[in-house]
Amino acid sequence: MKAETNEEDLRRLYERTMLDRKYLFNSLAELQLPKNARIIDIGCGSGGSTQIVRECYPEAEIFGVDNSAAAIEYASRLTENEIIKYINSDASHLPFPDNYFDCCVAKMILDIVASPEGILEEMVRILKPHGILLIYGNTKSTAQGTELLKNSDKLIKAYERYTRLTGWKGFNIEYLKEILLQKYKMTVSVQEIIKDTINPGREQLAGYYQMPEKEVEACAQNNVLVKLGLISSEEVIEYEISLNGLLTNSNEYLYFEQAIISAVKEEI
């Protein structure tokens with residue numbers, strides 16, 4: 001994950017992660033892992049996803065790993081009385097032996113890395129035979145709804161051009177499936193998730209996706225598409241304002257697309 005720099009960012013990250021609780025919890029429960037399973041949450045951020053793992057498997061041995069020391073410190077403070085081991089480490093160089101974990105969870109980390117191959121290789125390496133990867137990510141770069149968000153078509157085209165120019169893969173389901181199937185010979189399944197103004201609800205979506213007005217301009221200026229000249233900061237600002245408006249307009253339907261990929265490691 002991108003390193004967070006202050007307590008407010010970390011708190012918001014935790015709260016946003018917990019809004020995805022039911023999707024991650026249900027997927028974990030369906031795996032029917034042993035009670036004493038050894039599970040790692042890679043890119044754990046401020047600890048929300050690790051807490052969900054703990055809730056689902058309270059007797060498991062659980063590790064949370066993130067490259068942000070601030071996030072690890074925050075997560076550790078939230079779980080002082082729980083047996084969760086938090087480690088500050090890069091996801092592409094994990095400090096664990098081969099065939100060590102029953103399950104590797106990675107929520108929203110492949111969305112933000114240029115190339116997922118190194119992280120996937122590490123996750124497969126530390127998995128036991130018959131161990132399971134659970135990878136959660138966003139599958140669309142913009143929101144969808146009954147009303148087209150202002151400049152969403154421009155954002156989509158800019159992102160597509162960005163991926164062509166840079167080779168950026170991110171959370172590309174077909175690409176990830178191909179790697180897992182072809183390179184690692186894993187058994188793969190995909191669960192598509194639609195989060196909309198009905199389920200989990202408009203208020204919950206607004207809490208997750210609505211950007212504070214004071215942050216819109218700075219966010220637009222720091223957008224990688226803007227920095228590369230693929231779209232203007234003004235167009236990104238207009239998109240965010242449009243999104244904020246639809247999130248609070250009770251007459252408009254709005255949805256976001258995500259997915260969870262699970263993959264089982266073959267016996268060596």
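Here are a few friendly notes on this predicted model, from the overall fold down to one strand and its partners.

1. Let's start with the inventory. In the protein chain, the secondary structure adds up to eleven helices and eight strands.

2. On overall dimensions, the C-alpha atoms occupy a box of roughly 50 × 40 × 35 Å along the principal axes. The radius of gyration of the protein chain is 19 Å, which agrees with the value near 18 Å for a compact globule because the chain has 268 residues.

3. Burial and surface may interest you next. Of the 268 residues in the protein chain, 49% are buried. The accessible surface is about 13,200 Å², and carbon and sulfur atoms contribute 48% of that area.

4. The contacts deserve a look too. Among contacts in the protein chain with a separation of 6 or more, 77% involve residues 24 or more positions apart.

5. Now for strand S5, residues 127-138. Strand S4 (residues 101-107) runs parallel to S5, and six bridges join the two. Within this pairing, Val105 stands opposite Leu134 in S5. Helix H5, residues 117-126, belongs to the right-handed β-α-β unit that S4 and S5 make with it.

6. S5 has another partner to inspect. Strand S8 (residues 254-264) pairs with S5 in the antiparallel sense, over seven bridges. Here Ile132 is the residue to find, as it stands opposite Val264 in S8.

7. One general reminder while you view the strands: side chains in a regular strand alternate between the two faces of the sheet.

Definitions and conventions. Residues are numbered from 1 along each chain as its sequence is written. This is a predicted model: local features need pLDDT of at least 70, side-chain atom pairs count only at pLDDT 80 or more; totals for chains, interfaces and linings use all residues. Side-chain values use heavy atoms; hydrogens and water are left out. Two strands pair if DSSP finds at least two bridges between them. Helices (H or I, at least four residues) and strands (E, at least two) are DSSP runs, numbered from the N terminus. A crossover is right-handed if, with the strands pointing away from the viewer, the path from the first strand over the helix to the second runs clockwise. The radius of gyration is taken over C-alpha atoms; the globule rule is 2.2 Å times the number of residues to the power 0.38. Buried means under 20% relative accessible area, exposed over 50%, partly exposed in between (1.4 Å probe, protein chains only). Contact means heavy atoms within 4.5 Å. Accessible areas come from the Shrake-Rupley method with a 1.4 Å probe; for residues, only the protein chains shown count as cover.
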